[in-house]
Amino acid sequence: MEMHAYGNYQWDEVYPTEQDFASDITQGDLFVSEAEGQICGLICINQTEPAVYADAGWTLAEKALVLHRMAVDPDLRGRGTGSELLQQAETLALSLGLRYLKTDTYALNEKAQQLFLKHGYHFCGEIQFRKMEHQFYCYEKVL
């Protein structure tokens, strides 16, 4: 609802679903940030690249860790939760012997775009998911 309040319809009744998150948990791909027993944010991290990633201008042709479904509780923003989640992805990548991270976000999600750039990710192209009105921007980081 918070994203919809500023016109960003990246997440809706079609995506993500409860089943997406249940699958993330079952596969061991969902990571959370908590403080005092409260979930502050979450991210799905795995090596699954959506088929449309073939249309982006990635700079490396090697295995990558892919970041999906990242969210931070709007009431808890500004406390470093997003940075913590991105650091978790880097730590996991290195532990798996990977040096390449990929992600995407909706063109209207300026908050996510700023976070990725702040943490050394580089814009590398645009893709189209479903029949969304706007493109999704792809970002990558080489460790």
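## Close-up views of a predicted model

**View 1. Glu36 sits in the loop between S1 and strand S2 (38-46).** Everything shown in these legends comes from a predicted model. What is the sign of phi at Glu36? Phi is positive here, at about 55°, although Glu36 is not a glycine. That is worth a second look, because most residues other than glycine have a negative phi. Is Glu36 buried or exposed? With a relative accessibility of 87%, Glu36 counts as exposed, since anything over 50% earns that word.

**View 2. Ser33 belongs to strand S1, which covers residues 30-35.** This serine is buried, and its relative accessible area is 2%. The cut-off for being buried is under 20%, so Ser33 meets it with its 2%. Which side chain does the side chain of Ser33 meet in a polar contact? The partner is the side chain of Glu84, at 3.0 Å. Once residues up to four places away in sequence are set aside, Ser33 still touches Gln38, Ile39, Cys40, Gly41, Thr81, Glu84 and Leu85. Glu84 therefore turns up both in the polar contact and in this list of touching residues, next to a buried serine.

**View 3. Asp20 and Arg69 come together from two elements of the chain: Asp20 from helix H2 (residues 18-27) and Arg69 from strand S3 (residues 65-72).** How many residues apart along the chain are they? The answer is 49, while their C-alpha atoms are separated by 9.1 Å. Asp20 is in contact with Tyr15 and Arg69, leaving aside neighbours within four places in sequence. Asp20 counts as partly exposed, with a relative accessibility of 22%. Arg69, on the other hand, is buried, with a relative accessible area of 14%. The two labels follow from the cut-off, because buried means under 20%. Arg69 also has a positive phi, near 45°, and it is a residue other than glycine.

**View 4. His119 lies in the loop between helix H4 (110-118) and strand S5 (122-127).** Where does the side chain of His119 make a polar contact? Look for the side chain of Ser83, at 2.7 Å. Beyond residues up to four places away in sequence, His119 touches Ser83, Leu86, Glu90 and Lys141. Ser83 is thus named twice for His119, as polar partner and as one of the residues touched.

**View 5. Stepping back, the protein chain holds four helices and six strands.** In what order do the elements run from the N terminus on? They follow the pattern α-α-β-β-β-α-β-α-β-β. The radius of gyration of the chain is 15 Å, close to the 15 Å that the globule rule gives for 143 residues, so the chain is as compact as a globular protein of that length. Along its principal axes, the C-alpha trace spans about 40 × 35 × 30 Å. Of the 143 residues, 42% count as buried. Among contacts with a separation of 6 or more, 63% link residues 24 or more positions apart.

**View 6. The surface and the charges of the protein chain round off the set.** The accessible surface comes to about 8,100 Å², and 52% of it belongs to carbon and sulfur atoms. How far apart are the mean positions of the positive and negative charges? For the 11 positive and 21 negative charges, the mean positions are 4 Å apart.

Note on methods. Residues are numbered from 1 along each chain as its sequence is written. This is a predicted model: local features need pLDDT of at least 70, side-chain atom pairs count only at pLDDT 80 or more; totals for chains, interfaces and linings use all residues. Side-chain values use heavy atoms; hydrogens and water are left out. Buried means under 20% relative accessible area, exposed over 50%, partly exposed in between (1.4 Å probe, protein chains only). A polar contact is a pair of N or O atoms within 3.5 Å; within protein, one must be able to donate a hydrogen and the other to accept it, and residues adjacent in sequence count only if both atoms are side-chain atoms. Contact means heavy atoms within 4.5 Å. The radius of gyration is taken over C-alpha atoms; the globule rule is 2.2 Å times the number of residues to the power 0.38. Accessible areas come from the Shrake-Rupley method with a 1.4 Å probe; for residues, only the protein chains shown count as cover. Lys and Arg count as positive and Asp and Glu as negative; His and the chain ends are not counted. The place of a charge is taken as NZ of Lys, CZ of Arg, CG of Asp or CD of Glu.
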